[in-house]
Amino acid sequence: MKKLNIKNWKWIYFGLALLDVVAVGTSLVINHHLVSQYSETVQVSEFWTARLETMENLQILASEVNAPGNDVFDSKNTKKERERFVKASEKYNIYYRTTMEDLKSHRNEYSLEKAIAVYEEVQLKMNVMTQKTEEIFNLFESNRKDQAASQMATMDQKYAQLREALIASSKEIRKIQNDYLHKQREISQRLRFFEMVFAVFIALMIIGIVFYVTVILKFMSKSFKEKKMAEEQKKALDAAAIVAITDTTGKITYANQKFFDITGYKKEEIVGMDHRIINSAYHPQEFFQELWQTISSGTIW
């Protein structure tokens, strides 16, 4: 029974060790995902921060395009202000095309359909504003300043609409960024939860292994004591009585020294021989029948 118990505990130990390895491996995988997710979140945040900075730069460039149409009333220099306007428009258009291509290149990656649509509205507003600016320059060159002044008010109105479109575009980008961060936060919380579960599981595994070691040490200590006691009992028995051990067929497998001293046999003459060679015929047949029934049942006679 004791051997069966220790065997069972051995399998329990292997089970605990295997579960511990699985738990540690799973925890490492989760930690790897957390690190990867953090790196991805930082990268995506930097991406959207750069796009928001683009919107701010575009507002600055739009104001530079709008300025000459107002400044011409102070400088009275149509040629100079037109040159400023053309340069500012070219600079704006190049920057706009670059940023639009950038958004379209990430269209599927970040679901930017709505952001691109809002961004296209920005260019439509810019086209209207530049048309009004051109009209102001033409009217100013024709010395129709009153009409030019009325167009300036319209141009400023279109510029305000352009700014609103840029702000709407920035808001859409912030919304996409916030939605992404919210999603990443939920994933991180789930991963941290599983990481905590596996950490508790590992702690329980360690407690289980410690408990196992304690049980094994107690078992070994008990087995050692029992073995020592059995050796002492055997020593006492050998000193006080003759001892012979046979198998189930009656073949002698062991005899103690006292047996050899009393019978006069030597070890090589006894071991492997039938036990009947030492039958003195002193005991009746029933005596030996009882003997064999006893030892056949596993009981010591």
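## Helix H8, salt bridges and aromatic pairs

Let's start at helix H8, where Gln285, Glu286, Gln293 and Ser296 are exposed on the face turned away from the helix's buried side. In H8, the buried residues are Phe288, Leu291 and Thr294. These three cover an arc of only 120° around the axis, which places them on the same side of H8. The length of the helix can be checked too: H8 has 12 residues (285-296), and at 1.5 Å a residue they should span 16 Å. The end C-alpha atoms of H8 are indeed 16 Å apart, in agreement with that expectation.

Please keep in mind that this is a predicted model. The protein chain has an average pLDDT of 80, and 93% of its residues score at least 70. Among the elements of the chain, the lowest mean pLDDT, 76, belongs to H8, while H2 has the highest, 92.

### Charged pairs

Side chains of opposite charge can pair when their charged atoms come close. The structure holds 9 salt bridges, and the table shows some of them.

| Salt bridge | Closest N to O distance |
|---|---|
| Arg51 and Asp102 | 2.3 Å |
| Arg107 and Glu113 | 3.0 Å |
| Lys175 and Asp179 | 3.1 Å |

What does the salt bridge between Arg51 and Asp102 tie together? Arg51 sits in helix H1 (residues 2-75) and Asp102 in helix H2 (residues 78-105), so this pair connects parts that are 51 residues apart in sequence. Arg51 has a relative accessible area of 13%, which means that this residue counts as buried, the limit being under 20%.

Turning to the salt bridge of Arg107 with Glu113, Arg107 is partly exposed, at 25% relative accessibility. Glu113 is partly exposed as well, with a relative accessible area of 47%.

Lys175 and Asp179 both belong to helix H5 (residues 145-240); because they are 4 residues apart there, about one helical turn separates them. Lys175 is partly exposed at 45% relative accessibility, and Asp179 is partly exposed with a relative accessible area of 43%. Elsewhere, Asp71, Glu81 and Arg84 are joined into one network by salt bridges that share partners.

### Aromatic pairs

The structure also holds 4 aromatic pairs. One of them brings together Phe85 and Phe137, whose ring centres are 5.8 Å apart. Their planes meet at 70°, so the pair is edge-to-face, a label for angles over 60 degrees. Phe85 lies in helix H2 and Phe137 in helix H4 (residues 113-141), so the pair links distant parts of the chain, 52 residues apart. Are these two residues buried or exposed? Phe85 is buried, at 3% relative accessibility, and Phe137 is buried too, at 0%.

Tyr92 and Tyr96 form another aromatic pair, with 6.2 Å from centre to centre and 15° between the planes. This pair counts as stacked, because the angle is under 30 degrees. Both tyrosines lie in helix H2, 4 residues apart, about one turn of the helix. Tyr92 is buried at 0% relative accessibility, and Tyr96 is also buried, with a relative accessible area of 7%. Together with Tyr119, Tyr92 and Tyr96 form one aromatic cluster.

Technical notes:
Residues numbered from 1 in each chain as written. Heavy atoms only, no water. Helix = DSSP H or I, 4+ residues; strand = E, 2+ residues; numbered from the N terminus. Expected span 1.5 Å × (residues − 1). Buried < 20%, exposed > 50% of the residue type's maximum accessible area, 1.4 Å probe, protein only. Arc of directions from axis to C-beta. Salt bridge = Lys/Arg side-chain N within 4 Å of Asp/Glu carboxyl O. pLDDT = per-residue confidence, 0-100. Phe/Tyr/Trp six-rings, centres within 6.5 Å; stacked < 30°, edge-to-face > 60°.
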